Amino acid sequence: MDPFWVFAIVCGLIILLLFIGAPLKPLRWIGQGVIKLVIGALLLFFLNAFGTAIDIHIPINIATASVSGFLGIPGLIALIAIHKMIL
């Protein structure tokens, strides 16, 4: 199959999903989970950027991003407490 047609079909499906929406609940859950992971990574990035003054550095990976993304600020505080207790 020609790469142009593959690209056209994929773009068409994306546009169709944008107008109709994701009809399946699992797709919406996956999307919300990915958004929460990105928010968690951003929280960790800002913590690392501003936390250097008080010697806080939490590595950004899937586990820490999921904890801070799904639990929010309390999860971020828990990660800081675990970091200070163990290291």
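**Exercise 1. Determine whether Thr64 is buried or exposed, and find what surrounds it.**

Step 1. Take the accessibility. Thr64 has a relative accessible area of 11%, so it is buried. The cut-offs are under 20% for buried, over 50% for exposed and partly exposed in between, with a 1.4 Å probe and protein chains only.

Step 2. Note the basis. This is a predicted model, in which local features need pLDDT of at least 70 and side-chain atom pairs count only at pLDDT 80 or more, while totals for chains, interfaces and linings use all residues. Residues are numbered from 1 along each chain as its sequence is written, and side-chain values use heavy atoms, with hydrogens and water left out.

Step 3. Place the residue. Thr64 belongs to helix α3, residues 62-71. Helices (H or I, at least four residues) and strands (E, at least two) are DSSP runs, numbered from the N terminus.

Step 4. List the neighbours. Leaving aside residues up to four places away in sequence, Thr64 touches Leu44, Ile58, Pro59 and Leu79. Contact here means heavy atoms within 4.5 Å.

**Exercise 2. Describe the faces and ends of α3.**

Step 1. Collect the buried residues. In α3 these are Thr64, Ala65, Ser68 and Gly69.

Step 2. Look down the axis. The buried residues of α3 fall within an arc of 120°, so they line one face of the helix. The arc is that of the directions from the helix axis to the C-beta atoms.

Step 3. Turn to the face away from the buried side. There α3 carries the exposed residues Ile62 and Leu71.

Step 4. Inspect the start of α3. A side-chain oxygen of Asn61 comes to within 3.3 Å of the backbone nitrogen of Ala63.

Step 5. Inspect what follows. Gly72 comes after α3, and its phi is positive, near 80°.

**Exercise 3. Characterise two residues in the loop between α2 and α3.**

Step 1. Take Asp55. It lies in the loop between α2 (25-50) and α3. Its phi is near 60°, a positive value in a residue other than glycine. Asp55 is exposed, at 61% relative accessible area.

Step 2. Take Ile54. This residue is also found in the loop between α2 and α3. Ile54 counts as exposed, with 58% relative accessibility.

Step 3. Compare sequence and space. Ile54 and Ala81 are 27 residues apart in sequence, and their C-alpha atoms are 13 Å apart.

**Exercise 4. Decide how spread out the chain is.**

Step 1. Count the elements. The chain has four helices and zero strands. From the N terminus the order is α-α-α-α.

Step 2. Test against the globule rule. The radius of gyration is 19 Å, well over the 12 Å given by the rule for 87 residues, so the chain is more spread out than a compact globule. The radius is taken over C-alpha atoms, and the rule is 2.2 Å times the number of residues to the power 0.38.

Step 3. Add the extents. Along its principal axes the C-alpha trace spans about 55 × 30 × 20 Å.

Step 4. Check one separation. Phe4, in helix α1, is exposed at 53% relative accessible area. Phe4 and Ile60 are 56 residues apart in sequence and 37 Å apart, C-alpha to C-alpha.

Step 5. Add burial. Of the 87 residues, 22% count as buried.

**Exercise 5. State the confidence in the model.**

Step 1. Read the average. The chain averages a pLDDT of 87, and 94% of the residues score at least 70. pLDDT is the predictor's confidence in each residue, from 0 to 100.

Step 2. Rank the elements. Helix α1 (residues 3-20) has the lowest mean pLDDT, 83, and α3 the highest, 94.

Step 3. Apply the caution. Where pLDDT is low, the predicted coordinates should not be read in detail.

Methods. A polar contact is a pair of N or O atoms within 3.5 Å; within protein, one must be able to donate a hydrogen and the other to accept it, and residues adjacent in sequence count only if both atoms are side-chain atoms.
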